[in-house]
Amino acid sequence: MKNSIIRLENISKTYGDTKVLNELNLSIKKNEFLTLLGPSGCGKTTTLKIIGGFETPDEGNVYFEEQCINTLPPYKRKLNTVFQKYALFPNMNVFENIAFGLRIKKLPSLEIESCVKDVLNMVNLNGFEKRDISSLSGGQQQRVAIARAIVNKPDVLLLDEPLGALDLKLRKDMQIELKNIQKQLGITFIYVTHDQEEALTMSDTIVVMNNGLVQQIGSPVDIYNEPQNAFVADFIGESIIVDGIMHEDFVVEFIGHKFECLDKGFDKMEAVDVVIRPEDVKIVEKDAGKFNVVIDSVTFKGVHYEMVAHTDNVCDTKWLIHSTQKAVEGSTVGINLEPNDIHIMKKLSAEVGDSYEEK
Amino acid sequence: MKKNKSFCAYPYYVWMITFIVIPLLLVLWYALFKSENDSIVFTTEYIKRFFEPIYIQVFLRSIVLAVISTAICLVIGYPLAYILAGKTFKHKNMLMFLVIVPMWMNFLLRTYAWLTILEKNGILNQILRFLNLPTQNILYTNYAVILGMVYNYLPFMVLPLYTVLSKMDINLINAAEDLGANKLTVFKKVVFPLSLPGVVSGITMTFMPAVTTFVISKLLGGGQTTLIGDLIENQFKVANDWNFGSALSLILMVIILLSMRVMTKYEQENEGGGLF
Ligand SMILES: Nc1ncnc2c1ncn2[C@@H]1O[C@H](COP(=O)(O)OP(=O)(O)OP(=O)(O)O)[C@@H](O)[C@H]1O
Ligand SMILES: [Mg+2]
């Protein structure tokens, strides 16, 4: 908590009847790249707006370097925002848009010019200075919005889906570019995305949110390998989620078989969610594995084959399998699972569970 | 499809020809031709007469009064529209209602009402007397005319301004504040420039009726202040000089069209949708 640059404490926000944020606690360290990840409408933008000062929380406090900034107006906060809807000034050209913050700081015009040139170079828009905002494509506007924020070299940069309008290649380039900028300038990034791959590749810390509740906070590796509940598991990468029963420590039963696993500390015979990553499923000869499945479909996905299968016993469950090994459609194969491929999770609480079902 | 559409437009053509094109041609005709010894000859006599000092004076007075009233309308109307467009303002509907309600009343009636307020023994002076303040003789002065113009045309200023201001993207204001601009800078650099189309239509919609009015100057100016509108009306109704009346109308029209052209050009440079 000591070296946090921004800290949210028990933030709640309600619009009308919907509780958009529910007792949100979050601490962001200096120079950290923190990503808010979650489905549409889960409150990511609202969180950023509260940090930026454009919305006031109903309850809770926002701290900047351990100073409560609840009542500080946005223009006094030492941070800049890349808005989800770009919010570029239509009455100014690209240059003036980017220079806006610098002009307010009353920088000499020569310096402004060189700063603007530099950031335009960073976002790949050399020579766009004189262009009208309305003449730019969505992706170009988005990059101007990024440039307008980073040119001020703020302590904290809030980015609300800043790469949403870019094509895959440009998006990858910009991801690297943003990451470089963040390291070079030592800026703390609070980044919003609903693209889990983007979150995994760029972040130091990921905050998975759903319905205004934090589901899990952790490093990309933790979040991917040790999802805390079925929602996180399902949202981060694809997963197979089946109902299971924990017999005792290290022993779980699902689809009618007992498996060895690495989890403990559950009640005896507690109902749990069992999460398995499709790439961890190992295909073997029929009857050579723990159980058999029938392959329903096979799709080539570039690097691997994606197969959908179902178990042939009473508890009919769907299995998603990623494998470089191809099986024949309609054939029966055996499946093996190692203990560390099986992730046991507590059943979701009713609140989170409801929304999860809706999805 | 196309044929169908142009067919639907016929009634409008008929309307336009009867009520716009024919009267305009008549004006042109009377302004530029006169009958002499049973023959009709082209003449610039009537147009030239406009440039006599006495008429130029009337014209300038009209312009000055209209400019002053338009400026006052802008100064009063902008803050009003700004308050009305504010999302958090509580009595918004009430205030909006007050702005619009006079427009439901007859124009003449509204102006007559001011007579009873401004009269020597009118409501205003009664109040002043009651407060032991010196009475004012505003009626039949330029002030009364300006007051009448501001009163009558203020809604035409407020409504277009209200429209642009209430459509303004809150994200733009947030973005400006995010970049360090305080409320005043946000207004100067973002809100006001973006509301210019509304300012331009507001000015056009107040200035045009103000410069051509004759009712207001007649009732509240009491004939003391002749405006170009009165002059034109007089040519037709009193002096029975249709030719000169038409010439005056023509000149006024040309001047208005020219100034509108300038306005529109200015507006295009600043982008955005306005009245024209
Ligand atoms: N001004 C507002 N008035 C009423 N409801 C609002 C307002 N702003 C946001 N909401 C609601 O709050 C919820 C969260 O909105 P928010 O914009 O934070 O979502 P998000 O996580 O950014 O979603 P997305 O990924 O689609 O941008 C949504 O259900 C939205 O409808
Ligand atoms: Mg959002």
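Let me start with ligand 1, whose surrounding residues, meaning those with a heavy atom within 4 Å of it, are A:Tyr15, A:Val20, A:Ser40, A:Gly41, A:Cys42, A:Gly43, A:Lys44, A:Thr45, A:Thr46, A:Gln84, A:Glu161 and A:His194. This is a predicted model, in which local features need pLDDT of at least 70 and side-chain atom pairs count only at pLDDT 80 or more, while totals for chains, interfaces and linings use all residues. Residues are numbered from 1 along each chain as its sequence is written, chains are lettered from A and ligands numbered from 1 in the order in which they are written, and side-chain values use heavy atoms, with hydrogens and water left out.

The shell around ligand 1 divides into three nonpolar, seven polar and two charged residues, with Gly counted as polar. Helix H1 of chain A, residues 44–52, gives the most to this shell, with three residues; helices here are DSSP runs of H or I of at least four residues.

Turning to the backbone, an oxygen atom of ligand 1 lies 2.8 Å from a polar backbone atom of A:Gly41, and for A:Gly43 the corresponding distance is 3.0 Å. Taken alone, ligand 1 exposes 640 Å², and the protein buries 61% of that, by the Shrake-Rupley method with a 1.4 Å probe.

Now the two chains: 22 residues of chain A are in contact, that is, with heavy atoms within 4.5 Å, with 17 residues of chain B. The area buried between chain A and chain B, summed over both, is about 1800 Å², and carbon and sulfur atoms give 63% of it.

Notes
Buried area is the accessible area (1.4 Å probe) that two parts lose on being put together, summed over both. A polar contact is a pair of N or O atoms within 3.5 Å; within protein, one must be able to donate a hydrogen and the other to accept it, and residues adjacent in sequence count only if both atoms are side-chain atoms. Helices (H or I, at least four residues) and strands (E, at least two) are DSSP runs, numbered from the N terminus.
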